Amino acid sequence: MEVVAGASELPLPESFLEFLNQNGLDPSIYAASQSTPRYIRLKPGCKPELAEIETEMKCKLEEVCWLPDFYYLPPDVRIASTKAYQEGKIYGIDASSGAAVLALDISPGDHVLDLCAAPGAKLCMILDLLGGSGSVTGVDVARHRLAASRTMLQKYALGDQCRLLVADGTTFSLTPLRAQSNSKSCNSMVEENSKIYNEWTPRRPWKERKRIAKASKTISQIEEPELIFYGRQSGVVGLSKYDVYRKVNDHEISQFGYDKVLVDAECTHDGSIKHIQKFEQWGWTTLPRRVLDAERTDDLTVLQLKLLINGFRLLKVGGSLVYSTCSLTVAQNEDVVERFLLEHTSAKLLEIDAAKNWPCRQARIPKALRFDPLTSSTSGLFVAKFTKLNA
């Protein structure tokens, strides 16, 4: 494969340049590969220790003026070995990802669904914003990636209000546990024969560990959600397995569904400079299979639409949903949103109030926004916000 430098500092291959051209994207967005800063979020309450953290890192943490509690530092600074990182006072998250979370306009007491939760940084930010109230349900189809999210929650001591479920986000049907508290089973026989959840512990019986190890060696379609973590205040403790996994009808969802839903969908990641940089290590020959394959892209847009549809189904009337991807292509963003709106008359696009000072521009669809890596110094991001009207 011939490699062409083009207008980028990265040695972009011809196939990728063609992909960019087909999607009306300028290769110069990747010219910022060495200058895009590293972003971190400072855990609430840790600001008095900022000077100490800067001394250890030997660099100044510059505040991101348009995003509370976010700081940027030189891209070559490594945070994993620092005391602040190891003690859970900071975590890495791109500013554009933080913007997607901020667009939800989370309020204390909200019940939030993160439908594509792994690897967990946005999940942590959501929990930070809730401040010990409400609840968060994190869902992801990849068990090992969701396990990494669980590790993050434990490291940053943010898991009290959270439950994590390995599940297919396109078919996931469990509502916040407040719905169960309003409509518990009256079947005493079911209750008597159902498991009651005690406080979660990482220790698992030998038989369960053996079952999980066996399942990890086989690739099969997920049929039922698997609860792999729940905090003390997540609503799970003390409930029966029947009530935790009980599905409700659409009428109940309209009343007791999630207040906020984040659908940060799987995509080709072409808007992430750091992701594209990885192909220098992975090998550019793997790029067509991972990013450019037309069949894979078609499959992705179908998946993205299904995730958006199901996330909206689980949203209560009057709630807010944010759809985002780190792709810069129209097919994975505006086209998906337009198809969704055609099929769902109860969906309405909203202005993102928090975005007044964001370094982004309007997308092709009014009220939807785009972060451009070159002009925003972040990863590329598309973000659209919806509310659900009475049917």
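This text goes through a predicted model, taking its strands, helices and salt bridges in turn.

We begin with an open sheet of 4 strands, whose order is β2-β3-β1-β4 and whose pairing is antiparallel. Its edges are formed by β2, residues 62-63, and β4, residues 90-92, each of which pairs on one side only. Strand β1 covers residues 38-42 and is joined to β4 by 3 bridges in the antiparallel sense. One place to look at this pairing is Leu-42, whose bridge partner in β4 is Ile-90.

Helix α5, residues 121-130, lies across three strands of the model, namely β1, β3 (70-73) and β4. With respect to β4, helix α5 runs at about 140°. Of the 10 residues of α5, 9 are buried, so the helix is largely enclosed by the rest of the structure. The buried set consists of Ala-121, Lys-122, Leu-123, Cys-124, Met-125, Ile-126, Leu-127, Asp-128 and Leu-130. Just after the helix comes Gly-131, which takes a positive phi of about 60°.

Asp-128 deserves a second look. Its relative accessible area is 13%, and since buried means under 20%, Asp-128 falls in that class. The side chain of Asp-128 meets that of Arg-41 in a salt bridge, with 2.8 Å from N to O. Because Asp-128 belongs to helix α5 and Arg-41 to strand β1, this pair ties together parts that lie 87 residues apart in sequence. Arg-41 has a relative accessibility of 2% and therefore also counts as buried. The pair belongs to a network of salt bridges that links Arg-41, Asp-69 and Asp-128. Side chains of opposite charge can pair when their charged atoms come close.

Helix α4, residues 95-102, is another enclosed element: 8 of its 8 residues are buried, so the rest of the structure largely encloses it. The residues concerned are Ala-95, Ser-96, Ser-97, Gly-98, Ala-99, Ala-100, Val-101 and Leu-102.

The loop between α4 and β5 (111-114) holds one end of another salt bridge. Here Asp-110 pairs with Lys-260, and the closest N and O atoms are 2.7 Å apart. Lys-260 sits in strand β9, residues 258-264, and Asp-110 in the loop between α4 and β5, so that the pair links distant parts of the chain, 150 residues apart. Both Lys-260 and Asp-110 are buried.

Further along the chain, strand β14 takes up residues 381-388. Why can β14 be called largely enclosed by the rest of the structure? The reason is that 8 of its 8 residues are buried. The two faces of the strand are both covered. On one side the buried residues are Leu-381, Val-383, Lys-385 and Thr-387, and on the other they are Phe-382, Ala-384, Phe-386 and Lys-388.

Strand β14 has several pairing partners. With β10, residues 315-325, it pairs in the antiparallel sense over 6 bridges; within this pairing, Ser-320 has Thr-387 of β14 as its bridge partner. Strand β11, residues 347-350, runs antiparallel to β14 and is joined to it by 4 bridges. There, Leu-349 has Phe-386 of β14 as its bridge partner. Strand β13, residues 369-371, also pairs with β14 in the antiparallel sense, over 3 bridges. In this case the bridge partner of Arg-370 in β14 is Phe-382.

A salt bridge is also found ahead of β13. The side chains of Arg-364 and Glu-338 meet with 2.9 Å from N to O. Arg-364 lies in the loop between β12 (361-362) and β13, and Glu-338 in helix α16 (residues 334-343), so this pair ties together parts that are 26 residues apart in sequence. Are these two residues buried or partly exposed? Arg-364, at 47% relative accessibility, counts as partly exposed, and Glu-338 is partly exposed with a relative accessible area of 35%.

Two searches cover the whole structure. The search for salt bridges finds 16, among them the pairs described above. The search for disulfides finds 0. As for individual cysteines, Cys-46 has 9% relative accessibility and so counts as buried, whereas Cys-360 is partly exposed, with a relative accessible area of 24%.

Technical notes:
Residues are numbered from 1 along each chain as its sequence is written. This is a predicted model: local features need pLDDT of at least 70, side-chain atom pairs count only at pLDDT 80 or more; totals for chains, interfaces and linings use all residues. Side-chain values use heavy atoms; hydrogens and water are left out. Two strands pair if DSSP finds at least two bridges between them. Contact means heavy atoms within 4.5 Å. Axes are lines fitted to C-alpha atoms, for helices over the stretch in contact, and angles run from 0 to 180 degrees between N-to-C directions. Buried means under 20% relative accessible area, exposed over 50%, partly exposed in between (1.4 Å probe, protein chains only). A disulfide is a pair of cysteine sulfur atoms within 2.5 Å. A salt bridge is a side-chain nitrogen of Lys or Arg within 4 Å of a carboxyl oxygen of Asp or Glu.
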